[in-house]
Amino acid sequence: MVDVEILGMPQSNFVWTTRIACAEKGIPHVNRPTPPHSPEIDAVHPFGRMPVMRHGDFTLCESRAICAYVDKAFDGPSLIPEDLRQAALTEQWASLVSTTIDPLLMRRYAVSYFFPGTADGKPDRSRIDAALPEMAKQFAILETAVADGFLAAGRFTLADAYLVPILFWLRLLPESGDMLKARPGLSAYVARHLERPSVAGTAPPRPEKD
Ligand SMILES: N[C@@H](CCC(=O)N[C@@H](CS)C(=O)NCC(=O)O)C(=O)O
């Protein structure tokens, strides 16, 4: 059987989501660490973003499409519940995470630490400070949303596969780390799911401490 190949840097939360989807499905996959806008990524994604997938002669981009393909192409447990309403709620939360939560928590906040683009290479303080009030609101919403230990459907779903990689990075940064500590439900949620075999087994290398 041809392995699924996931191209993209393992640190990317969207790459990680697709790898969790493969692991939950129980299929072998290989991750080829590949930066965005590299020739291999550009060959598949019209805007040069990661992840992209190769499966034999088939190529695909966009994490949600890749997760859907992996889900339908192989036997094995699904990250989307059978029940119509639970499936819809799973899609609702997966969409909220990728269209509203990721743009704030990752693109605006975390990226201002990891890829600040400042002249001196230091974190982009004004961009970080501007994001904090809205972040506090999102943490409050998420604390309520994971009250039963999952984001949707009362079990681990695609919605959690989108959220947990984001919270992994936010635990490591100062303001978001404090916001998480102040939310016991959300802290317990991320700690527990980071130990899930599909999540732990696909985790990116730990950043080096300075
Ligand atoms: N909607 C895309 C988002 C992918 C995305 O934003 N990937 C980021 C890394 S986490 C990226 O490639 N950024 C580079 C860029 O936007 O130029 C998906 O779900 O796959």
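Student: Where does the ligand sit?

Tutor: In this predicted model, the ligand sits in the largest pocket. A pocket is an open set of 1 Å grid points over the protein atoms alone, reached by a 1.4 Å probe, with protein on both sides within 12 Å along at least five of seven lines; sitting there takes more than half of the ligand's atoms within 2 Å of its points. Residues are numbered from 1 along each chain, and side-chain values use heavy atoms, without hydrogens or water. Local features need pLDDT of at least 70 and side-chain atom pairs 80 or more, while totals for chains, interfaces and linings use all residues.

Student: Which residues surround the ligand?

Tutor: With a heavy atom within 4 Å as the cut-off, the shell holds Ser12, Asn13, Phe14, Pro36, His37, Arg49, Met50, Pro51, Glu62, Ser63 and Arg107. By class, four are nonpolar, four polar and three charged.

Student: Which polar side-chain or backbone atoms lie by the ligand's oxygen and nitrogen atoms?

Tutor: Look for N or O pairs within 3.5 Å. A side-chain N or O atom of Ser63 is 2.6 Å from a ligand oxygen, and a polar side-chain atom of Arg49 is 3.0 Å from an oxygen of the ligand. Met50 uses a polar backbone atom, 2.9 Å from a ligand nitrogen.

Student: What is the peptide bond from Met50 to Pro51, cis or trans?

Tutor: That bond is cis, with omega near 10°. Glu62, another shell residue, is not a glycine yet has a positive phi of about 80°.

Student: How many aromatic pairs are there?

Tutor: A pair of rings is described by centre distance and plane angle. Here the cut-off is 6.5 Å between centres, with planes under 30 degrees stacked, over 60 edge-to-face and the rest tilted. The whole structure has six such pairs. Phe58 and Tyr69 have ring centres 5.0 Å apart and planes at 35°, so this pair is tilted.

Notes. Polar contact = N/O pair within 3.5 Å; in protein donor to acceptor, adjacent residues only side chain to side chain. 1 Å grid on protein atoms, 1.4 Å probe; cavity = no way out; pocket = protein on both sides within 12 Å on 5 of 7 lines; lining within 4 Å. Nonpolar A, V, L, I, M, F, W, Y, C, P; charged D, E, K, R; others polar.
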